[in-house]
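Student: Could you take me through one part of this model closely, namely the place where the two chains meet?

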Protein chains: 2
Amino acid sequence: MKNFVVAACSKFVFKRSYVIAFSLLVIFASQFVFASGGGGEMAQGHGVSITLLWIAVVLIAAKIGSLVEQFGQPSVLGEILMGVILGNLVLVGVDVFEPIKHDGILAFLSELGVIILLFQIGLESNIQEMRKVGVRALLVAIVGVVAPFILGAFVVGPWLLPGLDTVAYLFLGAALTPTSVGITARVFKDLGKLRTKEAQIVLGAAVLDDVFALIILAVVSAIVTVGAVSVGMVSWIVAKAILFLVGSIVIGHLLAPTLGKVFSKIHTGVGMKFTLAVSFCLIFAYIAGFIGLAPIIGAFAAGLILDPVHFRYFKAPKMVHDVNKLMKNESDDLKQKMEKVIEPHSHRHIEYLIEPLAYFLVPIFFILTGMSVALETLFNTEIILVALAISATAIVGKYVAGFVAGKVKQNIVGMGMVPRGEVVLIFAATGKGLGVLSDDLFSVIVVMVIITTLIAPPILARQLKK
Amino acid sequence: MKNFVVAACSKFVFKRSYVIAFSLLVIFASQFVFASGGGGEMAQGHGVSITLLWIAVVLIAAKIGSLVEQFGQPSVLGEILMGVILGNLVLVGVDVFEPIKHDGILAFLSELGVIILLFQIGLESNIQEMRKVGVRALLVAIVGVVAPFILGAFVVGPWLLPGLDTVAYLFLGAALTPTSVGITARVFKDLGKLRTKEAQIVLGAAVLDDVFALIILAVVSAIVTVGAVSVGMVSWIVAKAILFLVGSIVIGHLLAPTLGKVFSKIHTGVGMKFTLAVSFCLIFAYIAGFIGLAPIIGAFAAGLILDPVHFRYFKAPKMVHDVNKLMKNESDDLKQKMEKVIEPHSHRHIEYLIEPLAYFLVPIFFILTGMSVALETLFNTEIILVALAISATAIVGKYVAGFVAGKVKQNIVGMGMVPRGEVVLIFAATGKGLGVLSDDLFSVIVVMVIITTLIAPPILARQLKK
């Protein structure tokens with residue numbers, strides 16, 4: 001590891017020095033140039049929003065972060081790290097980027113980014129293969145929720161932090177349960193391993209995991225607010241979740257072909273294809289959120305349901321037609337080879353269409369995730385020690401879930417479940433809002449998110465490359 | 001025209017009845033389903049924004065609007081009309097879509113949409129050809145600003161509405177000056193005529209026109225607030241505008257190749273290419289807005305500057321490589337034909353990458369433009385009569401500008417300058433804010449925008465097809 005860091009640094013310093021110089025220049029130039037404009041929401045004149053500039057800054061920062069790919073790391077790690085840097089430059093007196101953290105539009109684009117990402121992952125996942133690993137994913141999800149919850153709420157919590165209310169321990173345990181499917185999925189995607197069995201198990205488990213975590217949150221919240229849990233309430237949440245997951249797949253499969261047919265009557269162009277797919281994703285995400293699930297679950301389900309076959313009424317890209325026309329009188333051998341080159345552009349056209357939207361939105365999510373990491377929480381030794389122990393608990397609790405994954409590389413499944421993300425932060429914020437979690441315990445959970453987020457991608461990448 | 005309408009209606013009713021039925025079903029179903037959710041900003045659960053749903057509604061509405069293409073109309077007209085319908089359903093008691101008008105995120109996405117549109121138009125425009133028509137565009141712009149201003153402020157205004165303050169007439173005249181480049185550009189684009197001389201003249205003139213209109217607004221506003229105009233102030237605005245337009249093209253041409261080189265060192269992938277292009281556009285748009293010009297002018301300039309040559313350090317799409325490899329041992333004839341099919345995908349790759357982003361954002365702009373049309377302003381006979389006269393003035397004032405366009409189809413240039421849009425509404429809002437424009441005069445201007453917006457696209461389309 002040390003060798004890696006040294007080699008990385010020297011390669012970085014010598015070969016990429018002008019990139020670094022350029023980045024620093026941009027950072028300090030912007031500090032100077034936008035010192036006047038940074039405070040207000042709107043510039044003068046036609047009322048242009050400064051958010052335009054922030055989007056550009058975030059996109060460029062993400063791409064500078066992707067330098068980590070040159071050291072074999074998944075670019076998502078670089079994006080998160082660049083976010084951490086941007087978000088904590090204020091510690092060295094550079095505060096121009098602070099407005100990014102409080103920009104409501106960026107926050108929305110970031111949410112949209114992770115929705116589009118999960119939609120992409122869904123599109124690339126195969127529902128048949130997903131079904132094959134369904135039982136194993138369910139097992140992994142159950143263990144991956146139960147283990148960290150019990151460890152956090154009944155073992156490590158009371159042992160490390162004696163004397164708190166029982167509900168505080170319960171909340172701590174609950175906050176350890178939801179996997180961040182976005183981060184793991186990006187690592188698999190960055191390394192081209194989305195279609196492996198391990199990836200499919202992790203994705204399935206992470207989605208189910210979110211559902212289970214939600215049930216736990218509802219139960220724990222009910223204990224805090226009402227003092228007890230009603231069986232009816234829990235059943236209702238469970239029923240909603242099952243209804244949505246099963247219902248969306250069944251109804252979606254029935255509806256998608258008809259929708260494709262109806263809309264192809266209006267227009268068979270590429271724009272219509274794009275609109276149908278994106279609207280499908282957004283509506284599913286909204287419904288999932290509306291019934292109390294995470295919108296990303298809806299987006300993932302929409303991606304799973306949509307299939308190239310639903311777009312058969314639409315035109316293939318013009319290029320595909322033109323190539324086929326040219327090939328008409330050529331040898332069968334050449335035809336077949338050409339077919340192989342062109343096929344993805346026809347068959348997976350919808351994925352190609354979504355890609356630029358993802359280029360635009362997804363980095364915003366990861367940069368903002370990184371920016372939400374407040375490094376000053378690491379300045380308190382006690383918090384950091386407790387947080388390290390809790391993080392170890394969080395990692396172990398998920399890692400053991402890999403052991404029930406059956407005949408696959410169990411360490412990959414386990415490590416894939418480790419990253420925690422935005423859902424944990426929602427849990428922690430709920431607990432703080434209910435007055436159950438103290439500021440310190442909140443910080444501990446935030447540090448746990450940081451550690452699991454930063455540790456999992458490089459380790460997972462290393463395991464996947466073996 | 002009547003025949004066209006009858007034929008259109010019957011074709012529409014008989015052949016597309018299920019599409020209409022489907023649309024109505026969706027509208028009324030949504031009225032029912034979202035009656036509870038429509039009021040709040042956030043749904044329950046993970047705090048999903050209802051904006052997700054609105055984006056889907058807007059995108060689908062825009063695509064239903066594109067049905068007009070089947071009657072030979074540019075799809076932008078259909079999008080605006082669908083916007084008008086959605087925005088005025090409240091008149092028949094359907095109020096579910098009202099929140100769309102007040103959604104801040106949609107407003108931003110709409111602004112971003114017209115920015116991306118102008119960037120696309122800039123990318124497709126050729127700076128050499130633009131330069132060739134430069135002088136003529138300048139002439140058209142000058143006449144297109146002076147004629148409607150004089151007609152409005154000194155002839156038709158005082159004649160139709162006697163007894164108002166001089167500044168009210170000045171504001172009315174000023175509000176007639178700025179062409180909506182977005183609408184015209186979309187018509188040319190929809191019909192594949194962007195590279196004609198007429199289109200280039202109109203685009204150049206519309207951009208300059210916006211600059212001139214801005215100067216007029218500044219002068220008129222100064223007369224109202226300060227009571228006089230300082231030469232220094234006017235010179236400063238003019239200087240800023242010239243500096244930006246000339247400066248951005250000079251600096252952009254110097255900077256773009258270096259930027260391409262530096263960023264290609266980080267990553268030569270498609271994502272980097274996309275990020276560079278979009279960031280360039282956003283930064284130029286922001287700077288234009290920051291110095292008091294319209295952001296769309298900056299986006300257009302960015303598109304004009306960026307050239308495929310700036311991306312030569314980046315990878316061509318994999319498909320292009322694969323095809324070239326397959327063609328290596330084939331006949332020169334086949335090679336050349338294949339080259340022709342594949343070439344745009346390599347050479348114009350950046351335009352293909354931006355396209356899906358435009359599919360996502362541009363319809364939001366046109367639907368929201370349509371939705372801002374309040375049909376109830378048309379219920380007042382007096383207002384509508386005055387508005388008709390003012391609209392005629394607005395149309396004549398721009399149409400005559402075509403006469404100085406030299407040896408081209410002058411009627412196309414003239415009609416291309418007719419549509420008024422968002423900039424006029426900004427002018428009107430400024431005048432209302434300063435207490436110069438009465439509510440009635442404001443409504444008159446709004447109706448003028450409606451009429452010019454709805455009248456120009458079908459007429460222009462008809463002229464272009466001749």
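Tutor: In this predicted model, chain B is superposed on chain A by a rotation of 180 degrees with 0.0 Å of shift along its axis, and the RMSD is 0.0 Å, where the fit is by least squares on the C-alpha atoms of residues with pLDDT of at least 70 in both copies. That is the relation of a two-fold axis. Residues are numbered from 1 along each chain as its sequence is written, and chains are lettered from A in the order in which they are written. Because the model is predicted, local features need pLDDT of at least 70 and side-chain atom pairs count only at pLDDT 80 or more, whereas totals for chains, interfaces and linings use all residues.

Turning to the contact itself, 61 residues of chain B and 62 residues of chain A take part, two residues being in contact if their C-beta atoms, placed from the backbone, lie within 7 Å. Of the interface residues of chain B, 100% are also interface residues in chain A, so the copies meet through the same surface.

On the side of chain B that touches chain A, several helices (DSSP runs of H or I, at least four residues, numbered from the N terminus) each supply at least two residues, among them α2 (17-33), α12 (231-266) and α17 (349-371). The largest share of that side, 12 residues, comes from α13(B). By type, the residues of that side of chain B divide into 41 nonpolar, 14 polar and 6 charged, where Ala, Val, Leu, Ile, Met, Phe, Trp, Tyr, Cys and Pro count as nonpolar, Asp, Glu, Lys and Arg as charged, and the others, Gly among them, as polar.
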